[in-house]
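Q: Please take a close look at one part of this predicted model. A connected account of that part and its surroundings would be welcome.

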Amino acid sequence: MLKNPETKYRPFVSPIELPDRQWPNRRLAKAPRWLSTDLRDGNQALANPMDVERKLRFYDMLLASGFKEIEVAFPSASQIEFDFVRALIEKGRIPEDVAIQVLTQSRADLIARTFESLTGARKAIVHLYNATAPLFRRVVFGMDRHQIVDLAVSGVTAMLEESVKRPETDWTFEYSPETFCFTEPDFALEICERVLDVWQPTVERPAILNLPATVEVAMPNIYADQIEWFCRNISRREAVIISVHPHNDRGTAVASAEQALLAGADRVEGCLFGNGERTGNVDLVTLALNLYTQGIDPGLSFPSIREVVKTVEYCNGLPIHPRHPYAGELVHTAFSGSHQDAIRKGFAAHERRNDGIWEMPYLPVDPADIGESYEAVIRVNSQSGKGGVAWVIEQDKGLKLPRAMQIDFSKRVQRLADSTKRELTAEDIWTVFAHAYHVGDIECFALVDYDGGLRRGPAAERIFTGRIRHRDRDVTVTGRGNGLVSAVLAAIEEAFGVMLGVIDYHEHALRRGSDAKAAAYLQCVRPDGTQVFGVGIDDDVATATVKAVLSAASAHD
C-alpha cells in the first residue's frame, strides 16, 4: 500500500450543498417497499448461476418470506432466463398480490424480447437502466450528456409502446440512472425528468425511479444528501416511487439504505444476506431485522432463519459467515465470561419483569423470534466464566446453581477446557458435573431408602432413619437433628465418621407443575476448613435434600 495514497486516489467531493438537510432529525416509522434482486442481480454474481430448480426453490422462499416484488430474471440475456419467466406465468406460480420484475438495457430489440417474456402476466415491473456518470460516459460509452439522455428516452418510449400491445397486464415502469451516486446531481435530475415526460405517471399509476449506489464512492451521509436533494427537486414527486439500490463496496450498504430511507426513499432493492456483484448488494435480512428490533413491522418474516440460511447457501453455493448479523451460526453465541454473565443475568431479570419487553445484554433480538434456541446463546470454552457454565447446566438440565457452587464447578470445567483446547459440549459439562458431585451411578454414598416421616424426638429433635449404600454394602443409619439436613449429617457421621458443617442450602423446582422434580444444593465445610458441595435431584424435595447431603459426603469420602 502507498504511504501517500493521495498521490493515486482522489476523495469524492459531493457537489450538493444541503445546509438545511432534514434526514438526520427524522425517525424511521414504517418499512419500505422491498424488492428482492436475488434471482437476477444475485444470480448474475454467482460463478455457477442457479439452475431452474434452484431458482424456483429460492423464489418460493421469497414468497414465503413476504416479498411482494421480486426481480426474477434478465429475460433478454439468455434462453434460460426467458424460459424461467415464462414458466412462472404459464404454471400459475405468481400470486395475485405479487409483481414480478425484469431488467432490460435500453435497446429496442432487447426491450421487445423482455415484454414478450411477460405476455400473460397479471402484474409486472419492467426496469430499464443506463449508466449516467461522467466516468462511464467518457470511458465506457464514449457519449456526451445529450446522447445518454437520448438513449434513455428511446428506451422508455419503446417500453411504453410495447406495453400498449399488452393491455391485459398491469404495468409498472422503472428507470435507473445507473451510477447515480457519482453522477452530477443536475444531470441525474434532468434525465429522470425526461423519462417522466415520456411515461406521464400519476398518483394512481406511479413510476419507479431507482437511484443506485452502483459503486459506493462516499460515506452513507453523502448518499442520503443526494437522495434528499433529488426528492426535493424531482417534479411529480407524488407520482414517483423513489427506490434505492445500494452496493457494498465500502461495507456501508445497510447504513446507506437506512439513511436513504430517512432522506425520503420509498423502496429498497437488494439481496438476502447481501449477495451481488463484487462486494454485494444491500442485505435485506439485516435491514428488515434492524427495523424489527426497533419495534417496526418490516413486512417480511423470517420465523426460521436457519432454514432461510440453508436455502440461500444451497441455491447460491456461497456460505453465510458465522458472524453475519442476525443469521450467522455464532451471532447469538457468547464465549466470553463477562458476556455470558451479563446475558444470564439479563434472562433472569427478563423472567422476573415478565412484561414482554425485550431488554437483553448483547442480544438485540430475541433468538426465539427467528426460530433460534436459547441453548446456543452461551457456549463454553477456555474463555468462559462461571456464568457461562451455569447457563449451560441450567439450559441442559434445569439446575440453577448457587453462586458459590458456580465458582467451584466453573474451575473444574475450566481445567477440562484448558486441557482439551476446544469448545465443550453440554454432554462434556454434565460429565464433569456428575463426577464432581457424585450424581447418578457414580455416587459413593447412595440412598437406598429412608423413613420419609422424619419422626419427632425429645426437645423437638428430628430423627432420620434410612439405609445407605456405601462401597457395595447397605448400612442402616439413624441420626438426630433440628431438621432433615442436620439429622442426615448426624446419621452419616455416626455410621461412617464423616463430619460436615452446613454453610448454605438452596432448593428449587426443575420445572413448573405438580409433577416437577426438585433440586437441592448443599455447601458444607470439613473440619479442616475445606468446602465441599452436594446436589440432589428427585421427584420429592425431601429426598432431593437427603441426596444432596450424601453427595457432599461423597466428596469428603
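A: **Helix 15 and its surroundings**

Helix 15 covers residues 426-437, twelve in number, and spans 16 Å from its first C-alpha to its last, close to the 16 Å expected at 1.5 Å a residue. The model is a predicted one. Within helix 15, the buried residues are D428, I429, V432, F433, A434, A436 and Y437. In an α-helix there are 3.6 residues a turn, so residues three or four places apart point the same way. Beyond its end, helix 15 is followed by H438, which has a positive phi, near 55°.

Two of the buried residues of helix 15, F433 and Y437, also take part in a cluster that ring pairs form with F409 and W430. The search that covered the whole structure found twelve aromatic pairs.

F433 further belongs to a nonpolar core of 30 residues, which also includes V380, M405 and A417. This core lies apart from the largest nonpolar core, which has 96 residues. Inside that largest core, the residues with the most contacts are V72, Y175, I227, F230 and L272. Its largest share, eight residues, is contributed by helix 7, residues 185-199.

Aromatic rings in this model also face charged groups. The charged end of K55 is placed over the ring of F84, 4.4 Å from the ring's centre. R113 lies over the face of F82, with a distance of 3.6 Å from the ring centre.

In summary, F433 is a buried residue of helix 15, a member of the ring cluster and part of the core of 30 residues.

Terms used: Residues numbered from 1 in each chain as written. Predicted model: local features only at pLDDT ≥ 70, side-chain atom pairs only at ≥ 80, totals over all residues. Heavy atoms only, no water. Core = buried A, V, L, I, M, F, W, Y, C linked by side-chain atoms within 4.5 Å. Buried < 20%, exposed > 50% of the residue type's maximum accessible area, 1.4 Å probe, protein only. Helix = DSSP H or I, 4+ residues; strand = E, 2+ residues; numbered from the N terminus. Phe/Tyr/Trp six-rings, centres within 6.5 Å; stacked < 30°, edge-to-face > 60°. Lys NZ or Arg CZ within 6 Å of the ring centre and 35° of its normal. Expected span 1.5 Å × (residues − 1).
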